[in-house]
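Here is a friendly walk through one protein chain, with an eye on its sheets, its rings and a few unusual backbone angles. Have the viewer open and follow along.

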Amino acid sequence: HVHPSFEFSMYAAIVSRRVLIASGLDRAGPPPRRLLHDVAEMFQFSRAIVGSLTDNFATSALRHKEPEHPIDMQLARQQLATYHSELRKAIPKVVQVPPDDRLPDLVFVEDPAVVMEGTAMLTRMRPPSRAGEVVPVRPALEELGLRVVEMGGGEEAYLDGGDIVFTGREFLVGLTERTNAAGIEALAKAFPKWPVTGINVLRPLLHLKSMSSIAGIDLVAISDSPAGREVWRQIEANATHKYKKLVFPDNNGANCLYINGVVYHPPKEEYPESYKVWETLDCPRVSIPNSEMAKADGSLTCNSIRIN
């Protein structure tokens, strides 16, 4: 019998190799070295897209399991308003996609598009209920002056934005029930300048960002759960750069936004032990509540698309 972690490792390595070939990076040699200043510039955001809550979010949004306590819609709206307010303080131009009761998951607006250097690729999401989200997201992308392209790879290629951790040097992309190898290859072809590394994510976690995010230059926030430890092992083995890590006791406690030198993370009330880790970070920080979105598998990163 093959140990599961070995199977995951081999599959991730094979996918990463296929992605390098698909993107042309395999023939071009090692990826270009990026100076710290250049990496920092990738996290200087001037534009953003945010979503809206629908009246039926609490009953109709997808989730792995029903939460112990039902979603409080009044609190959810307050939390999302705080999120939008903080982003507008940090980012000059923020466009909001209007609500559509046919698309209750559209508040997680990060999933339908991937944006890099002036180009936005609309993703193909596996759940049928989310397929239509690219329609209202497209005009928001165009309003911000982006070139919008369709995702390639055929009808069997799937990709969620929530599976992408962009480090400023490369794309780390989760292989999950929402994102498959064909989807990762489509991403590599859409953005051939950037290395793309596939990372297997242990179930039942939904996305790579369900337990990891970027918390600073070359700094990966990651949980100390079995899934988080396995993801970190693969990052160390397969990524094109050697990163530092900041380890958290909670999966969602490790999810943050790194915007213009400021880290936005969950508050003490939601993850008290993880909050202690955030307190060790020597940079400006802002807490943003997200408890109600989390009941539908949403993290802070899910609620926006950040654009240079």
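In what order do the 3 strands 9, 10 and 11 form an open sheet? The order is 9-10-11, with mixed pairing. Please keep in mind that this is a predicted model.

**The sheet of strands 9, 10 and 11**

Strand 9 (212–216) and strand 11 (244–248) are the edges of this sheet; each has a single partner strand, so one side of each is left without a neighbour in the sheet. From one strand to the next, the twist averages 35°.

The mixed pairing is easy to trace. Strand 9 and strand 10 run antiparallel and are joined by 4 bridges, with Ile214 standing opposite Val220 in strand 10. Strand 10 (residues 219–223) runs parallel to strand 11, and 5 bridges join these two. Here Ser223 stands opposite Phe248 in strand 11.

Helix 8 packs on this sheet, where it touches strand 10 and strand 11, and its direction makes about 150° with that of strand 10. Helix 8 covers residues 226–238, which is 13 residues, and spans 18 Å from its first C-alpha to its last, close to the 18 Å expected at 1.5 Å a residue. Its buried residues are Ala227, Gly228, Glu230, Val231, Trp232, Gln234 and Ile235.

Is strand 9, at the edge of the sheet, mostly covered or mostly open? Strand 9 is mostly covered, since 5 of its 5 residues are buried. Strand 9 and strand 10 also form a hairpin with 2 residues between them, and Asp218 in the turn has a positive phi of about 60°.

**The sheet of strands 3, 4 and 5**

Another open sheet is built from 3 strands in the order 3-4-5, again with mixed pairing. Its edge strands, each pairing on one side only, are strand 3 (113–116) and strand 5 (147–150). The twist in this sheet averages 25° from one strand to the next. Strand 4 (residues 119–122) pairs with strand 5 in the parallel sense over 4 bridges, and Met121 stands opposite Val149 in strand 5.

**Aromatic rings**

How many aromatic pairs does the count come to? It comes to 7 aromatic pairs. Two of them are set out below.

| Pair | Centre to centre | Angle between planes | Class |
|---|---|---|---|
| Phe43 and Tyr258 | 5.4 Å | 55° | tilted |
| Phe57 and Phe108 | 5.9 Å | 65° | edge-to-face |

The pair of Phe43 and Tyr258 links distant parts of the chain, 215 residues apart: Phe43 is in the loop between helix 3 (36–41) and strand 1 (47–50), and Tyr258 is in strand 12 (residues 257–259). Why does Phe43 count as buried? Its relative accessible area is 6%, and buried means under 20%. Tyr258 is buried as well, with a relative accessible area of 16%.

Phe57 lies in helix 4 (residues 57–60) and Phe108 in the loop between strand 2 (93–96) and strand 3, so their pair ties together parts that are 51 residues apart in sequence. Both Phe57 and Phe108 are buried.

Elsewhere, Phe166, Phe171, Phe191 and Trp194 form one aromatic cluster. A charge meets a ring too: the charged end of Arg285 sits over the ring of Tyr275, 5.9 Å from its centre.

**Loops and backbone angles**

Lys65 has its place in the loop between helix 4 and helix 5 (73–90), and counts as exposed at 66% relative accessibility. Which residue lies 9.0 Å from Lys65 in space, C-alpha to C-alpha? That residue is Asp297, 232 residues apart from Lys65 in sequence.

Asp297 is found in the loop between helix 10 (291–294) and strand 15 (304–307). Its phi is near 65°, a positive value in a residue other than glycine. Asp297 is partly exposed, with a relative accessible area of 25%.

Asn260 has a positive phi of about 50° and is not a glycine either. Asn260 is in the loop between strand 12 and strand 13 (262–265), and is partly exposed at 24% relative accessible area.

Finally, a cis peptide bond joins Arg203 and Pro204, with omega about 10°. Pro204 lies in the loop between strand 8 (196–200) and strand 9.

Technical notes:
Residues are numbered from 1 along each chain as its sequence is written. This is a predicted model: local features need pLDDT of at least 70, side-chain atom pairs count only at pLDDT 80 or more; totals for chains, interfaces and linings use all residues. Side-chain values use heavy atoms; hydrogens and water are left out. Two strands pair if DSSP finds at least two bridges between them. Axes are lines fitted to C-alpha atoms, for helices over the stretch in contact, and angles run from 0 to 180 degrees between N-to-C directions. The expected span of a helix is 1.5 Å times one less than its number of residues. Buried means under 20% relative accessible area, exposed over 50%, partly exposed in between (1.4 Å probe, protein chains only). Rings of Phe, Tyr and Trp (its six-membered ring) pair if their centres lie within 6.5 Å; planes under 30 degrees apart count as stacked, over 60 as edge-to-face and the rest as tilted. A charge sits over a ring if NZ of Lys or CZ of Arg is within 6 Å of the ring centre and within 35 degrees of the ring normal. Contact means heavy atoms within 4.5 Å.
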